[in-house]
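Subject: The structure I promised you

Hi,

Here is the structure we talked about, ready for you to open in your viewer. Have a look at it first, then read on for what turned up.

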Amino acid sequence: MQYQTRKADVTIPSTATGADLCAALQVAFNEPTTIFKCLVKGKKLVNEELLETAGVKDGAKVMAIGTPSAVAASTAVKKADPLVKGFEKEDEDLAKQKRATEQALASPWGTEQNAEYRFARFGSLKRFEGQIPHPFAAKQLLTILATDPGVIAVMVARSLVVGLLEEMDPDDRYAAIQAKERGGCLLGYNQNAGQTIYLRLRQDSGAFRPYEELIDTLLHELTHNLVGPHDINFWRNFSRLKSLYLNAHLGRRISTSRALPDYERAKDVKDCERLVVEKLQYEAQSNGALTPDERSAVAQAARETSLLMQTISATKPVVAQTTPARSGDEKAELRAKMAEAAAKRLKPPS
Ligand code: NI
């Protein structure tokens, strides 16, 4: 490390962040109040960036720029107040949280997005800082959705590209207008056929919505990359995307030690189709946000899908993969789940 005319060797793990390195410099150069910035090959090292992703390798020469902190005096005053959490402590907590989240950012699925058909960027909401889940966790969740093997399969199969996948602000003006007009809660929307997809990640309690629901919303919004209005063509495409999603997870070997989200699983091909039909029937019966025409379009798509399923099972009996019918308990559970969603007046996304 070089700072002004001085040099120092700094040893730090490659999984540390830019902020960690800057903090280490305060020790290395014995400048505890100086705020450091680091330059790697002429580029400013971003605080949140991991050293390994920034290309900082063993033996790398890094230039440091320091600002002797005039802020330090006022920080000291604040710290004297026992009621105010010290700035330093706050920064430290934040850095810790960031590190933990960034390490988790590598997908638990053990997958990466396709190089071409992908979500280019992810966005979270700054205003949720200081709340749980933190915006970092929101960004992490968006990454998990984007690297879900089912979503990757959908993106590749339909050549989809999304510029930005962002957490939707529940107080968003557009969402508020939609909610007022349709009397429900908007769960997501797609701006300019894939420029930006907004997803409502949080429930009213503040906790994240169930993963399965988020995937359904994402699949709905991805369908809008292909079709604008909620017509028969839209629902045909939606059912195709949903069955692609479910099929991609069939027989997939899970070779990760990390905790996976609670994603929707089908037992076999037949079961995939059944889940698609059930979803469409649910939309047709319970989605109050849809017009009567839109509802009959969903119902028609549901009939087509079940017809397709019957044709498949009639012409090609699946001997090795017979599925036990859903047990009574499961059916009751599903009905309860649907009734609960309807009671909450949760309107599926538009
Ligand atoms: Ni829609």
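S159 has a relative accessible area of 42%, which makes it partly exposed, since buried would need under 20% and exposed over 50%. You'll find S159 in the loop between α5 and β7. Its phi is near 50°, a positive value in a residue other than glycine. Bear in mind that this is a predicted model, so treat every value here as computed from it.

A193 is another residue to click on. Its phi is positive too, about 45°, although A193 is not a glycine. A193 sits in the loop between β8 and β9, and at 48% relative accessibility it counts as partly exposed. Those two strands form a hairpin with 4 residues between them, and N192 in the turn has a positive phi of about 50°. β8 covers residues 188–191 and β9 covers 196–199; they run antiparallel and are joined by 4 bridges. If you want a pair to line up on screen, N190 stands opposite I197 in β9.

One more backbone oddity: the peptide bond between I132 and P133 is cis, with omega at about -5°. P133 is in the loop between β6 (119–123) and α4.

Now the overall picture. The chain has 11 helices and 9 strands. Of its 350 residues, 42% are buried. Taking contacts between residues at least 6 apart in sequence, 69% join residues at least 24 apart. The accessible surface is about 19,300 Å², and carbon and sulfur atoms account for 53% of that.

What about the inside? Nonpolar side chains in soluble globular proteins tend to be buried together. Here the largest nonpolar core has 43 residues, and F119, Y211, L218, L222, W235 and Y245 touch the most other members. Elements that give two or more residues to this core include α4 (135–146), α5 (149–157), β7 (162–167), β9 and α7. The helices α8 (232–249), α9 (269–286) and α10 (292–315) are also among them. α8 gives the most, with 7 residues. There is also a second, separate core of 14 residues, which includes A8, L21, C38 and L45.

Helix α7 deserves some of your time. It runs over residues 211–223, 13 in all, and reaches 18 Å from its first C-alpha to its last, close to the 18 Å expected. Is α7 enclosed or open? Because 11 of its 13 residues are buried, it is largely enclosed by the rest of the structure. The buried ones include Y211, D216, H220 and E221. L218 is buried as well. Leaving aside neighbours within four places in sequence, L218 is in contact with F119, L145, V151, L165, I197 and L199.

Just before that helix, look at R209, in the loop between β9 and α7. Is R209 buried or exposed? At 5% relative accessibility, R209 counts as buried. What does its side chain reach? One polar atom of it lies 2.6 Å from the backbone oxygen of R200. The side chain of R209 also makes a polar contact of 3.1 Å with the side chain of T217, a buried residue of α7. Apart from neighbours within four places in sequence, R209 is in contact with L187, R200, L201, R202, Q203, L214 and T217.

Next, α9. With 18 residues at 1.5 Å each, it should span 26 Å, and its end C-alpha atoms are 26 Å apart, which agrees. Buried residues in α9 include nonpolar ones such as L275, V276 and V277, and also D271, E273, E278, K279 and E283. At the start of the helix, a side-chain oxygen of D268 reaches to within 3.2 Å of the backbone nitrogen of K270.

Last stop: T147, in the loop between α4 and α5. T147 is buried, with a relative accessible area of 6%. Setting aside neighbours within four places in sequence, its contacts are S107, W109, T111, E112, Q113 and I152.

Cheers

Definitions and conventions
Residues numbered from 1 in each chain as written. Predicted model: local features only at pLDDT ≥ 70, side-chain atom pairs only at ≥ 80, totals over all residues. Heavy atoms only, no water. Buried < 20%, exposed > 50% of the residue type's maximum accessible area, 1.4 Å probe, protein only. Contact = heavy atoms within 4.5 Å. Areas by Shrake-Rupley, 256 points an atom, 1.4 Å probe, with all protein chains shown as cover. Expected span 1.5 Å × (residues − 1). Pairing = 2+ DSSP bridges. Core = buried A, V, L, I, M, F, W, Y, C linked by side-chain atoms within 4.5 Å. Polar contact = N/O pair within 3.5 Å; in protein donor to acceptor, adjacent residues only side chain to side chain.
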